Amino acid sequence: MSEDPAVYQVIPGTATVGFDAERVRRDFPILHQQVNGHPLVYLDNAATTQKPESVIQAMVDYYRRDNANVHRGAHALSDRATGAFEGARRKVANFLNAPDARQILWTRGTSEAINLVAASWGRSQLQPGDRILVSAMEHHSNIVPWQMVAAERGATVEAIPVDTTGTLDLQALQGMLDARVRMVAVGHVSNALGTINPVAEIARMAHAAGALVFVDGAQAIAHWPVDVQALDCDFYSFSAHKLFGPTGIGVLYGRRTVLEAMPPYQGGGEMIESVSFAGTTYNQLPYKFEAGTPDIAGAVGLGAAIDYVNSLDREGAARHEEALLVYAQKKAQAVSGLTLVGTAHHKTGVMSFNLDGVHPADLGTLLDQQGVAVRTGNHCAQPIMDQYRIPGTVRASFSFYNTFDDVDRLFAALEKARQFLQ
Ligand code: PLP
């Protein structure tokens, strides 16, 4: 990210040239409310994004008109539900530029996608002494599932170092790679720091050493177009709720040959070809990994969210988000006693910080009283907080529907909170 707002043609306090955030905000009904007597300023987008009217309506319409179970029924409603469900899968495949919709598996979210690969690939492939590398700034979801399978298989999970700015040390990664490394699992964007990791380069390095690459895309997917073929990763995951879609559904993309070699993750209906007590055979991709009735309305909602995002000027939206971050970080530098946590050159969406002598949780409460919603705590990234020797941060996270006025309101509320605490 450039440090220079001029690059993004920002006129602070008004708008980013070429992107109309005020117009886009009108699509999100939840943003237009008072909280604790103040107009809501929603800056917790890294935790979950808000939903446009079109997503809410698509899910309501599905339940009002089309609801039925998928793949099994010989009736019109089931045909419609199946069409909508599989149509959503194709939308995801196009959105990620996946070669084939059969490489898109539905999960409950990013966490389940990582657990699926750790359990299925990990249990069937890992040998004692094998190594899994994750970055030191990972979300717990991209650490713990690997630790669980590593403990079971006698493998190890090791952290790729991160420097004081929150930048991954690629030289250290190069030094760690050897033939025992079987998986390199990294976040595309850190939810705690906002760092953008160079995942295409990491994939090149890991593949040269014979390892697979899992990219946790939870924090990247809302910010710019992702192309899994260009990244050349083996797995990519995201959660619909961080892409303006519903909670309870997410996606695992996998390289076809790798997915085909993996055993099922869970057993049940849909994932089988035939069942008998003499032996059961499994279904093809993607159904092999989708036991039980799926979240059909969730898939419909995610499909609508993708349609919505595709209808936007994505380049303009990304420029606007970057401009907001640059503007906010500039303002932060002028606040005495404020320390930014995570100052990597390549960042998106997240400004984490602490105020001297103030616990993040207290600050969060005082901001909420002024209608400003932020996240406080360790952001499910305890190892990187431990590295910085802090219990947590206050995190303001931005989306394209945020405005410069939102940033101004955040800093005005911070000033008031500070006066209250002194
Ligand atoms: N990975 C990252 C980087 C995240 O930010 C999150 C959620 O905050 C997750 C994984 C887990 O996502 P979910 O809770 O939707 O499974």
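Guide: A polar contact here is a pair of N or O atoms within 3.5 Å. Keep that in mind as we look around this predicted model.

Visitor: Okay, starting with the ligand: how far does a polar side-chain atom of Asp-216 lie from a nitrogen atom of the ligand?
Guide: Asp-216 is one of the residues around the ligand, a set including Ser-141, Asn-191 and His-241. The cut-off for a polar contact is 3.5 Å. A polar atom in the Asp-216 side chain sits from a ligand nitrogen at a distance of 2.5 Å.

Visitor: And which residue has a polar side-chain atom 2.7 Å from an oxygen atom of the ligand?
Guide: There are two to mention. Gln-219 has a side-chain N or O atom 2.7 Å from a ligand oxygen. A ligand oxygen also lies 2.7 Å from a polar side-chain atom of Lys-242. So, going by the N or O definition with its 3.5 Å limit, the names you want are Gln-219 and Lys-242.

Visitor: Let's go to the open sheet: in what order do its 4 strands come?
Guide: Start at the edges, where strand 15 (338–341) and strand 18 (375–377) each pair on one side only. Strand 15 is joined by 4 bridges to strand 16 (residues 350–355), and Val-341 has Ser-352 as its bridge partner there. The pairing is antiparallel, and the order is 15-16-19-18.

Visitor: Which helix packs on the sheet, touching strand 15 and strand 16?
Guide: Look at residues 314–333, which touch both of those strands. The direction of this helix makes about 15° with that of strand 16. That's helix 11.

Visitor: Then there's helix 12: how wide an arc do its buried residues cover around the axis?
Guide: Helix 12 (residues 360–368) lies across strand 16, strand 18 and strand 19 (393–397). Its buried residues are Pro-360, Leu-363, Gly-364, Leu-366 and Leu-367. They sit on the same side of helix 12, because the arc they cover is only 165°.

Visitor: Which other helix do those buried residues of helix 12 pack against?
Guide: They pack against several strands, among them strand 17 (372–373) and strand 18. On the helical side, the partner spans 404–421, and that is helix 14.

Visitor: Is Gly-303 buried or exposed?
Guide: Gly-303 lies in helix 10 (residues 296–311). Leaving out residues up to four places away in sequence, Gly-303 touches Ala-88 and Lys-91. Buried means under 20% relative accessible area. Gly-303 has 1%, so Gly-303 is buried.

Visitor: How many residues of strand 7 are buried?
Guide: Arg-131, Leu-133 and Ser-135 point one way, while Ile-132 and Val-134 point the other way, and all are buried. Strand 7 is largely enclosed by the rest of the structure, because its buried residues number 5 of the 5.

Visitor: Which residue in strand 8 stands opposite Ile-132?
Guide: Strand 7 pairs with strand 8 (residues 156–160) in the parallel sense, over 5 bridges. Across from Ile-132 you'll find Val-157.

Visitor: Any backbone oddities? Which residues does a cis peptide bond join?
Guide: Most peptide bonds are trans. Here, one with omega of about -5° is cis. Its proline lies in the loop between strand 14 (281–282) and helix 10. The bond joins Leu-285 and Pro-286.

Visitor: And what is phi of Cys-380?
Guide: Most residues other than glycine have a negative phi. Cys-380 is found in the loop between strand 18 and helix 13 (382–387), and is partly exposed at 35% relative accessible area. Its phi is positive, near 55°.

Definitions and conventions. Residues numbered from 1 in each chain as written. Predicted model: local features only at pLDDT ≥ 70, side-chain atom pairs only at ≥ 80, totals over all residues. Heavy atoms only, no water. Pairing = 2+ DSSP bridges. Helix = DSSP H or I, 4+ residues; strand = E, 2+ residues; numbered from the N terminus. Contact = heavy atoms within 4.5 Å. Axes fitted to C-alpha atoms, helices over the stretch in contact; angles between N-to-C directions. Buried < 20%, exposed > 50% of the residue type's maximum accessible area, 1.4 Å probe, protein only. Arc of directions from axis to C-beta. Near = heavy atom within 4 Å. Polar contact = N/O pair within 3.5 Å; in protein donor to acceptor, adjacent residues only side chain to side chain.
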